[in-house]
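Work through the exercises below with the model open. Try each task before reading its solution.

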Amino acid sequence: MDVFVSALENYPIQSGIILLGLGIICSLFRIDNAKKENYKNKDIIGKKSVINSWGIIIILILSGIITIIKNI
């Protein structure tokens, strides 16, 4: 855990770009997967996992943007 914290402190712009890139890549996979899946036949746990994955994607993108803006 200390490695990640020290990377964020020592290389904030690079870490922000990595977080932003991870968020964009995850959103592209989620959008591609959404075209293939039928959500009407999913149970409540499947629907919650979709919502949680979008939440993680939003957090990754926002934390990347905030980290980049804060350290410019």
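The exercises go from the whole chain to its helices and then to a surface patch.

This is a predicted model, in which local features need pLDDT of at least 70, side-chain atom pairs count only at pLDDT 80 or more, and totals for chains, interfaces and linings use all residues. Residues are numbered from 1 along each chain as its sequence is written, and side-chain values use heavy atoms, with hydrogens and water left out.

**Exercise 1. Describe the fold and overall dimensions.**

Step 1: List the elements. The chain has three helices and zero strands. Helices (H or I, at least four residues) and strands (E, at least two) are DSSP runs, numbered from the N terminus. The order is α-α-α.

Step 2: Take the dimensions. The C-alpha trace spans about 45 × 20 × 15 Å along its principal axes.

Step 3: Check against a globule. The chain has a radius of gyration of 15 Å, while a compact globule of 72 residues would have one near 11 Å. This radius is taken over C-alpha atoms, and the globule rule is 2.2 Å times the number of residues to the power 0.38.

Step 4: Look at burial. Of the 72 residues, 21% count as buried. Buried means under 20% relative accessible area, exposed over 50%, partly exposed in between (1.4 Å probe, protein chains only).

**Exercise 2. Compare the span of H2 and of H3 with expectation.**

Step 1: Set the rule. The expected span is 1.5 Å times one less than the number of residues.

Step 2: Apply it to H2. Helix H2 (residues 12-36) has 25 residues, so it should span 36 Å; its end C-alpha atoms are 36 Å apart, which agrees.

Step 3: Apply it to H3. With 27 residues, H3 reaches 38 Å from first to last C-alpha, close to the 39 Å expected.

**Exercise 3. Find the buried residues of H2 and H3, and their cover.**

Step 1: Go along H2. Its buried residues include Gly16, Leu19, Gly23 and Ser27. Their cover includes H1 and H3 (44-70).

Step 2: Go along H3. Among its buried residues are Gly46, Val50, Ser53, Ile57, Leu60 and Gly64. H2 is part of the cover here.

Step 3: Recall the helix rule. An α-helix has 3.6 residues a turn, so residues three or four places apart point the same way.

**Exercise 4. Place Val5: which element holds this residue, and how accessible is Val5?**

Step 1: Locate it. Val5 lies in helix H1 (residues 2-10).

Step 2: Classify it. Val5 counts as partly exposed because its relative accessibility is 37%.

Terms used:
Contact means heavy atoms within 4.5 Å.
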